[in-house]
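Here are a few short exercises to work through with the model open in your viewer. Try each task before you read its solution.

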Amino acid sequence: MSNHWGQKQMMQRLVKYRELRPCLNAFVDTYTPGSDQKENFTIIGAGVAESPDQHVHINEAHGFNIGGARQPPGCLNSQHSHTTEEVFVVHSGTWAFRWGDECQDGEAILQEGDCISIPVNVFRGFENVGEGLGFLYAVLGGSDAGNVKWAPDVFDKAEDYGLVLLENGSLVDTTTGASIPEGVAAMPRTSDAEVKAHRVMSVAEMLDCVCTVEEQSVAVGSDFMSQSTGLKESPIIGAANADEGIAAGKLSWTHGFQVRRWDVAAQGQSVDYSRQEEEVVFVHRGHLTFSWQDQGESHELSMEEGDVLTVPKGIKHHFSNLSDTDTVAYVTVGGNQPHAPIQ
């Protein structure tokens, strides 16, 4: 990895929302009516997309993956499960999350800024139930987030629309003339036994996995970031961390990463610091300016709503809000117990 972080090198670590490249056939359900207008994004890491057409913006292992989903009103993401944690922050729209292989176990409605961490081995799906185009920012656990397991009816519907999922986790789009490779079998339909092996969660249990906007500022923020000017850091995901002087977030179980919320007042800024772990910043509302030095030269780049930046380990930097309005950002830090930042 380069130790030189000039303007050009750092721009390659910034993914602008307006430049996101979607995949329209990322999963086996994406031609099924009702699910055929969704856009899938792999922003950092390999992700879990099944299609070879999926564009990866930053293909670098972080110990977690960053992605996104954009859907118009009424568009569904079909019921599926993961082997690592799946976390969403609602960037825009109103979303219904439903769980159970047939959506039978419950529903939670999330608004902009709400966060949900859906446990492993639980069938889940989601629908944009708002009035406009909606976007979900996603964090998946592990450098290798594994494959998706689909509810049985997803296979039944996909057969009619030309997408075939193979046992190796890849997708064949027969509508383009592609065929199943010789010697590779199609993924078998999920069995009743596999469905029964999945966890069943009550509504109360799933709501314990949601951290609403109102709940995000309840826990005590970090001692380190309290030295900033006009910046409050609030824990959402992760255990208490004595090194940073930060309390546990509501979603305090082990994820392999932590997620915090930053509220940055107009003209506010963080202290100068560096980290030993991966740090990814997503601007939810407002603007941020990222500033750093490289070989004696000062640099900065601007971030707008929806932009994602991964900060190199060990580089001294700070964030500032140079606008006249407040900014909200969500920060993912690698590890269950990150080291205290270095000033």
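**Exercise 1.** What is the strand order in the open sheet of 5 strands, and is the pairing parallel or antiparallel?

*Solution.* A word of caution to begin with: this is a predicted model. Step one is to read across the sheet, which gives β8-β7-β10-β5-β12. Step two is the sense of the pairing, and that is antiparallel. Step three is to find the edges: β8 (106-110) and β12 (149-150) each pair on one side only. Step four is to zoom in on one of these edges. Strand β7, covering residues 95-99, joins β8 in the antiparallel sense over 5 bridges. To locate the register, pick Ala96, whose bridge partner in β8 is Ile109.

**Exercise 2.** Find the residues with the most contacts inside the largest nonpolar core, and the elements that give two or more residues to this core.

*Solution.* Begin with the core itself, which has 25 residues. Inside it, the most contacts belong to Ile43, Ile66, Tyr137, Ile237 and Val308. Next, go through the elements that give two or more residues: β2 (39-44), β4 (64-71), β6 (86-92), β11 (134-141), β16 (229-237), β17 (257-269), β18 (279-285) and β23 (327-334). Finally, look apart from this core for another one, of 24 residues, with Trp5, Trp262, Tyr273 and Val283 among them.

**Exercise 3.** Classify the aromatic pair formed by Phe88 and Phe97, then the one formed by Tyr137 and Phe282.

*Solution.* The count to choose from is 13 aromatic pairs. For Phe88 and Phe97, the centres are 5.6 Å apart and the planes make an angle of 40°. Planes under 30 degrees apart count as stacked and those over 60 as edge-to-face, so this pair is tilted. Both of these Phe residues, Phe88 and Phe97, are buried, and they form one aromatic cluster together with Trp95 and Phe126.

Now take Tyr137 and Phe282: the distance is 4.0 Å centre to centre, with 5° between the planes, and the pair is stacked.

**Exercise 4.** Why does the pair of Tyr137 and Phe282 tie together parts that are apart in sequence, and is each residue buried or exposed?

*Solution.* First, place the two rings: Tyr137 lies in strand β11 and Phe282 in strand β18, so the pair links parts 145 residues apart in sequence. Then check accessibility against the cut-off, where buried means under 20%. Tyr137 has a relative accessible area of 1%, so Tyr137 is buried. Phe282, at 0%, counts as buried too. To finish, list the neighbours of Tyr137, leaving out residues up to four places away in sequence: Ile66, Gly67, Val87, Phe88, Val89, Val280, Phe282, Val308 and Thr332.

Conventions. Residues numbered from 1 in each chain as written. Predicted model: local features only at pLDDT ≥ 70, side-chain atom pairs only at ≥ 80, totals over all residues. Heavy atoms only, no water. Core = buried A, V, L, I, M, F, W, Y, C linked by side-chain atoms within 4.5 Å. Buried < 20%, exposed > 50% of the residue type's maximum accessible area, 1.4 Å probe, protein only. Helix = DSSP H or I, 4+ residues; strand = E, 2+ residues; numbered from the N terminus. Contact = heavy atoms within 4.5 Å. Pairing = 2+ DSSP bridges. Phe/Tyr/Trp six-rings, centres within 6.5 Å; stacked < 30°, edge-to-face > 60°.
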